[in-house]
Structures are given as structure tokens and as C-alpha cells.
Amino acid sequence: MNTEYTMEQVKRLCAIDSPSGFTERAADYLREELARLGYAPEKTRKGGVTVCLGGGAPERLDGLLLMAHVDTLGAVIQEVKGNGRLRLSPVGGLRAENCEAENCRIYTREGKVYTGCLQLCNASVHVNRDYGAAKRKFDTVEVLIDEPVKSADETRALGIEVGDFVCFDPRTVITESGYIKSRFLDDKLSAAILLGYAKELKEKKADPKRKVYLHFTVYEEVGHGAAAYVPEDVSEIVSVDMGCVGDGLKCTEREVSICAKDSGGPYDYTVTTALVNAAKEAEAAYAVDVYPFYGSDAEAALSAGYDVRHGLIGPGVYASHGYERSHIDGVENTLKLLWKFTVD
């Protein structure tokens, strides 16, 4: 399958700041792009984007919902400090040690955007003897605003206040060897994959074996992304999220990962088996793994009470919740699995 479009969408999505709770621009982009592809997307009250891709007979109640999320990690201002700098409260699983020395943008409620950088308090090695030993926590790091401010009053005069969002640079790079490096590949890489899948359906005029819906959720990183939308004729949901890569797991960045169990428990055996069989039939390189510290949109939907079977797949992503890395091969293998699972 052609991945050029998918790679372009990765870059575009990653360029849109969208931590949980600040996702309107990302959702608007998805609606515009899906409409451009010839679909009729809708926005949920919660802020997510849904669309029906067609397929199946109207009377059948075996629809499939594919989900990816476009909300990311980020932060809000917890305190405007006396020195004019900012103490942050993380959104989702953001870790201070993973974004130290990272450039960021500060969005005010008046629509202004300022730049800054997250640094350890007293960050100069030539001054701070304990620089290396200092524990990186959100109480020991601060945002330096790229403005001449030295007091809380001067910072507030810019319109910067507690509760404003702080978004970190993604630093998206796609290498000639096919590696995809960026913050927030979890889960903008899989969101781009679903856009590529939707585009392929249109171009090939393919009809899925059963009705297929997409849901791009916007609160996954804080645990309730897919808790509010499952169409009545859907019997199965599959989260297309990042596949874990790390010690004790088989998946690499060049494969599609199929999750058998994560910290929320096992995924539906029938769905997982069907995903494995689809990967085999599509000759997609895959791995089945158990993720030790992970939760998904599919589990959020089940926790909300939806009576559906659930599964989880995604391209292998290394260094999750940090500066992440995947590979075009992992994207292609995920698309192959999806096509076999839904169309062929």
C-alpha cells in the first residue's frame, strides 16, 4: 500500500499542538481532511471526530469501530512563579525528565502564543554543583519564557496565567532509511494510518466486508477517550494505537503489534485471534505481545458499559512518552493487517 500520503499526514498531525483538553485544531483538521477525501465526518460533543466509511448490509449488526487518538501529552501552568517562570502540571503521562531542555509554546486564553523552554531550576552546570544529582520532577523544573520577565506580575502582564496550556515541540523527522522520529507518535502515527486506510478505500472503490466506522478520540491520554461513542450496530472495536517496543517484548519498530493483554486485562480472544490470522494471510510482519503498563481506548469503551468485543493493534513504537521512534515498515504492516481484516 502507498504510504507516502500517510507519512505526510504524520508530519501534519504532529505539527498541530493537541494535548488532552486542547484538541480543537487537530479535530478540525481531521474533519477537513476526511471531507476532502469524500467522506462526511462529524464532531462529537466531546470533541472527537467520527465517520462511517461504508460497507456491509444495512440490516446487519456486526459493524466495526476503528479508533485512534489525536490528543497527546502536554501540560498546563500550575503556578506563575515569583521569578516570572512557570511551574507545570502534566497532562497525561508526561514526565519531567523526558522533556527537560525541550522548547515549548504557551497558549493564552486571549489567543496569544509565546515560546519558552523547560529547564531544571538553576540549570547552569557552572553554577549548580548538584546539577547531575538533582531529581527531575515538575517541582524542580520550570519554563523559561522567551520574554524579558523577572516577576510574576511581568509574566501576567503578557496574558499568561494559571491553566494555560503548554505544548512541547514534536521535532518530527523521517529519515532516508525509513525511521520516523517524533514526540507524539502515540498516537498521531496511527491516526495518520487510519487516514491512509480511508484514502485507500476511496481510491480503490473498495467495500469493506462489514460496516466500518472511524473514531478519532481526544481524551485517551487521560483515560476516557472512547467512553462516549460506539454506534448501535457495532459489535467489535479495535484501538489502533502504538505497539510497545522494549525489553521482554517481541515487537520491533518494523512490525505491527497485536496486544493480547495489557494492564487492564486480556483483549477479546476471538478478536485477537482474527487479527493474528489476518496478519498471517496478509503476510504482514507482526508480533503478539503483553504490554505491562498500558491502557487503551477500547478498554475505556468497555469500562463505560458498551457490550462489544475489543482488540488492540498498532505499529511498533520505541521510547513511548518520550522522543519516540517507529519505521515505515511498521506503518505498512499495520495497513496490510487492517486491509485484510476489513476488506479482503
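Reader: Which residues have the most contacts inside the largest nonpolar core?
Author: Happy to start there, keeping in mind that this is a predicted model. The core in question has 73 residues. Those with the most contacts inside it are Leu53, Leu66, Tyr197, Phe216, Ile237 and Ile313.

Reader: And which helix gives the most to this core?
Author: The largest nonpolar core has 73 residues, and 10 of them come from a single helix. That top contributor spans residues 185-204 and is helix 5.

Reader: What does Phe216 touch, not counting residues up to four places away in sequence?
Author: Phe216 is a good one to pick, being among the residues with the most contacts inside the largest core. Once residues up to four places away are set aside, its partners are Leu30, Leu34, Gly48, Val49, Ala68, Ala191, Leu194 and Leu195.

Reader: How many residues are in the second, separate core?
Author: Its members include Ala75, Leu88, Leu94 and Val143. This core is separate from the one just discussed, and its size is 25 residues.

Reader: Let's turn to the aromatic rings. Is the pair of Phe22 and Tyr107 stacked, tilted or edge-to-face?
Author: The centres of these two rings are 4.9 Å apart, and their planes meet at 55°. Planes under 30 degrees apart would count as stacked and over 60 as edge-to-face. An angle of 55° falls in neither class, so the pair is tilted.

Reader: How many residues apart are Phe22 and Tyr107?
Author: Phe22 sits in the loop between helix 1 (4-14) and helix 2 (24-36), while Tyr107 belongs to strand 6 (residues 103-107). The pair thus links distant parts of the chain, and the separation is 85 residues.

Reader: Does Phe22 count as buried, partly exposed or exposed?
Author: Buried would need a relative accessible area under 20%, and exposed one over 50%. Phe22 has 25% relative accessibility, so Phe22 counts as partly exposed.

Reader: What kind of pair do Phe22 and Phe165 make?
Author: Here the ring centres are 5.0 Å apart. The planes lie at 25°, which is under the 30 degrees that set the limit for this class. The pair is therefore stacked.

Reader: Which residues do ring pairs link into a cluster?
Author: Phe22 pairs with Tyr107, and Phe22 also pairs with Phe165. Phe165 is buried, with a relative accessible area of 14%, and Tyr107 counts as buried at 14% relative accessibility. Together the cluster consists of Phe22, Tyr107 and Phe165.

Reader: Now for helix 6: why do its buried residues lie on the same side?
Author: The buried residues are Val271, Thr272, Leu275, Val276, Ala278 and Ala279. They share a side of helix 6 because the arc they cover around the axis is only 160°.

Reader: Which residues are exposed on the other side of helix 6?
Author: Helix 6 runs over residues 269-281, and its buried residues include Val271 and Ala279. On the other side, the exposed ones are Tyr269, Thr270, Lys280 and Glu281.

Reader: Which backbone nitrogen does a side-chain oxygen of Asp268 reach?
Author: This polar contact is found at the start of helix 6. The oxygen comes to within 3.0 Å of its partner, the backbone nitrogen of Thr270.

Reader: Last one: which residues is Ser296 in contact with, leaving aside its neighbours within four places in sequence?
Author: Ser296 lies in the loop between strand 17 and helix 7 (297-303), and at 6% relative accessibility Ser296 counts as buried. Its side chain also reaches the backbone nitrogen of Ala298 at 3.2 Å. Setting the sequence neighbours aside, its contacts are Glu220, Ser239, Asp262, Tyr267 and Leu312.

Conventions: Residues are numbered from 1 along each chain as its sequence is written. This is a predicted model: local features need pLDDT of at least 70, side-chain atom pairs count only at pLDDT 80 or more; totals for chains, interfaces and linings use all residues. Side-chain values use heavy atoms; hydrogens and water are left out. Helices (H or I, at least four residues) and strands (E, at least two) are DSSP runs, numbered from the N terminus. The expected span of a helix is 1.5 Å times one less than its number of residues. Buried means under 20% relative accessible area, exposed over 50%, partly exposed in between (1.4 Å probe, protein chains only). The arc is that of the directions from the helix axis to the C-beta atoms. A polar contact is a pair of N or O atoms within 3.5 Å; within protein, one must be able to donate a hydrogen and the other to accept it, and residues adjacent in sequence count only if both atoms are side-chain atoms. A nonpolar core is a set of buried Ala, Val, Leu, Ile, Met, Phe, Trp, Tyr and Cys residues joined through side-chain atoms within 4.5 Å. Contact means heavy atoms within 4.5 Å. Rings of Phe, Tyr and Trp (its six-membered ring) pair if their centres lie within 6.5 Å; planes under 30 degrees apart count as stacked, over 60 as edge-to-face and the rest as tilted.
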